[in-house]
Amino acid sequence: MDQGNTSRVTEFVLHSLSGPRELQLFYFAFFTLFYISILLWNLLIVLTIISEPVLHTPMYFLLSNLSFIDVCLSTFATPKMIADFLVEHKTISFEGCMAQIFFQHVFGGGEMMLLVAMAYDRYVAICQPLHYAAIMSLRKCTGLVVGPWVIGVLHSLSQLVFIVNLPFCGPNKVDSFFCDLPLVIKLACTDTYLLQILMLSYSILMAVSSFVLLLISYSVILVTLQRHSSASMAKARSTLTAHISVVTLFYGPCIFIYAWPFGNFPADKELSIFYTVFTPLLNPLIYALRNKEVITAMRKLRSPQISS
């Protein structure tokens, strides 16, 4: 193709959930309700943990940061998807598309590492309870929170630095409700096969390595719990079950989508919606509904005169 006759793509066309006008309006109402619930539940958890001194522990400090990342993870694409249900042509600018890719990997990578940090916290609490306070110091907790953000940003920049300079001069239809890296990179007007292998292998390596760390941590914890049957261990087992549920819900869709990046499965779009919309809502529900301390603190927050 003559380079002088090519023009750079300035926008991409997103293919959100399809259907007649009535169904689009239903999607709009349904996902708007879901998004508002995500914001309310997660921000309520953050506010509750900040306001209640009893919850000023490493476990809840990490949980509040998980809730904050969940708000960010649901916000990078969900409001755009909701707005697109009301318009005929669902487009996004080139700059907006690159921004979505950047923030998806910042928040997604950050949450992966934060889940590893939470598993480490549970490992220390259950396997080394006598040394828990010394090991999980304020400095260590701060590092366990800052670290995932730094890793997420570095991971995202390593992805973006390659794709932002690719020539996009023709196809611009993305078969998703947001700019997902495996779908966008295939639209470049050059052979990107090796680049796809490199970039996606890096993402898969990050996901798999963190998932393996989680499996090792939880395996050691489960073995430790098998040797005890006290009430405190029963509470720890309940907390661990909540952690495993969160990990399964988050990693399952991600691994499925990125395990076959060159294929185009009909379920990919639904799975993307699951981990960007449903999982950020399920996380606080799983933790809050299974934790009496959080529920009690929320009641005190709602009725401060009771605690006074």
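Start by selecting Ser-16: with a relative accessibility of 6%, under the 20% cut-off, Ser-16 counts as buried. You're looking at a predicted model here, by the way. Ser-16 sits in the loop that runs between strand E1 (11–14) and H1. Now show what surrounds Ser-16. Leaving aside residues up to four places away in sequence, Ser-16 touches Met-81, Phe-85, Lys-90, Ser-176, Phe-177 and Lys-269.

Next, follow the chain to Pro-53. This residue is in the loop between helix H1 (21–51) and helix H2 (58–75). Buried or exposed, then, is Pro-53? Its relative accessibility is 57%, and the cut-off for exposed is over 50%, so Pro-53 counts as exposed. While you have Pro-53 selected, add Ala-297 and draw a C-alpha to C-alpha distance: the two are 9.4 Å apart in space, though 244 residues separate them in sequence.

Carry on into H2. From its first C-alpha to its last, H2 reaches 26 Å over 18 residues, close to the 26 Å expected at 1.5 Å a residue. Colour H2 by accessibility and you'll find a mostly covered helix, with 15 of its 18 residues buried.

Helix H3 (residues 78–84) is the next stop, and Thr-78 is the residue to pick in it. Thr-78 has a relative accessibility of 0%, so it counts as buried. Which backbone oxygen does the side chain of Thr-78 reach? That of Ser-74, at 2.5 Å. Beyond residues up to four places away in sequence, Thr-78 touches Tyr-35, Thr-276 and Val-277.

Now for a helix pair. Two packed helices are described by the angle between their axes and the distance between the axes. Select helix H4 (residues 94–127) together with helix H6 (residues 138–163): their axes come within 7 Å and cross at roughly 150 degrees. That angle is over 145 degrees, so H4 and H6 are roughly antiparallel to each other. As for handedness, the crossing of H4 and H6 is right-handed.

Finally, zoom out to the whole chain. Its secondary structure comes to 12 helices and 3 strands. How many residues does the chain have, and what percentage of them count as buried? There are 308 residues, of which 48% count as buried. Last, switch to a contact map: among contacts between residues at least 6 apart in sequence, 79% join residues at least 24 apart.

Technical notes: Residues numbered from 1 in each chain as written. Predicted model: local features only at pLDDT ≥ 70, side-chain atom pairs only at ≥ 80, totals over all residues. Heavy atoms only, no water. Helix = DSSP H or I, 4+ residues; strand = E, 2+ residues; numbered from the N terminus. Buried < 20%, exposed > 50% of the residue type's maximum accessible area, 1.4 Å probe, protein only. Polar contact = N/O pair within 3.5 Å; in protein donor to acceptor, adjacent residues only side chain to side chain. Contact = heavy atoms within 4.5 Å. Expected span 1.5 Å × (residues − 1). Axes fitted to C-alpha atoms, helices over the stretch in contact; angles between N-to-C directions. Parallel < 35°, antiparallel > 145°, perpendicular 65-115°, else oblique. Left-handed = near helix turned anticlockwise from the far one by under 90°.
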